[in-house]
Amino acid sequence: MTELDAEDNKLVVLARGALGRTGGASGAAIRDTDGRTYAAGEVNLTALRLTALQAAVAAALSSGAEGFEAAAVVGGRLSDFGVTAVREVSAEARIIFTDREGAVFEIVDDSADAADAVTADSGEVHGG
């Protein structure tokens, strides 16, 4: 199992908490360049559909975040369209993917990996 530093582990804990609160398929958390964190679950309304990572990015940006250091997605997929949103703001941000129990299965840490992951669309929910 991949060991995470304390700050990245905190993101996984926050993302698992969002997953538990919402009861959705995934949860996400993101850390901005000021060290503030934002967590969210999926939004699945008729009028608005966001992956958990997209929702976390939206929460961060609407709170004034100007850049991202890292994000964690629990129970999500590499093809999450939130990866593109993170990359649009901060191409160098790490994105950690874990299973529902928090075991890391992938870390995307450069924009080339993210582009490959997003082009492999698996039917994930697209932006709103």
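This is a short walk through a predicted model of one protein.

Okay, confidence before anything else. The mean pLDDT over the protein is 88, and 85% of the residues reach at least 70. The stretch to watch is residues 113-128, where pLDDT is below 50. That stretch still has 37 contacts in the model beyond near neighbours in sequence, and I'll leave it there.

Now the layout. We've got four helices and seven strands. Reading from the N terminus, the order goes α-β-β-β-β-α-β-α-β-β-α. If you like contact statistics, take the contacts with a separation of 6 or more: 57% of them are between residues 24 or more positions apart. On burial, 43% of the 128 residues are buried. The exposed surface comes to about 6300 Å², with carbon and sulfur atoms supplying 50% of that.

Let's zoom in on strand β5, residues 68-74. How many of its seven residues are buried? Six of them, so I'd call β5 mostly covered. And who are its partners? Strand β1, residues 27-32, pairs with β5 in the antiparallel sense, over six bridges. Strand β6, residues 94-98, runs parallel to β5, and five bridges join the two. You can follow V74 in both directions here: V74 is the bridge partner of G27, and V74 also stands opposite T98 in β6. As a general reminder, side chains in a regular strand alternate between the two faces of the sheet.

Next, helix α3, residues 82-89. Which residues are buried there? G82, V83, V86 and R87. Those four sit on the same side of α3, because they cover an arc of only 140° around the axis. And yes, you heard an arginine in that list: R87 is buried too.

Last stop, aromatics. Searching the whole structure turns up one aromatic pair. The pair is F97 with F105, 6.2 Å centre to centre and with 40° between the planes, which makes it tilted. Are the two rings' residues buried or exposed? F97 is buried, because its relative accessibility is 0%. F105 has a relative accessible area of 44%, so F105 counts as partly exposed.

To wrap up: keep β5 in mind, with β1 antiparallel to it and β6 parallel to it, and treat residues 113-128 with the below-50 pLDDT in view. That's me done.

Note on methods
Residues are numbered from 1 along each chain as its sequence is written. This is a predicted model: local features need pLDDT of at least 70, side-chain atom pairs count only at pLDDT 80 or more; totals for chains, interfaces and linings use all residues. Side-chain values use heavy atoms; hydrogens and water are left out. Buried means under 20% relative accessible area, exposed over 50%, partly exposed in between (1.4 Å probe, protein chains only). Contact means heavy atoms within 4.5 Å. Accessible areas come from the Shrake-Rupley method with a 1.4 Å probe; for residues, only the protein chains shown count as cover. Rings of Phe, Tyr and Trp (its six-membered ring) pair if their centres lie within 6.5 Å; planes under 30 degrees apart count as stacked, over 60 as edge-to-face and the rest as tilted. The arc is that of the directions from the helix axis to the C-beta atoms. pLDDT is the predictor's confidence in each residue, from 0 to 100. Two strands pair if DSSP finds at least two bridges between them.
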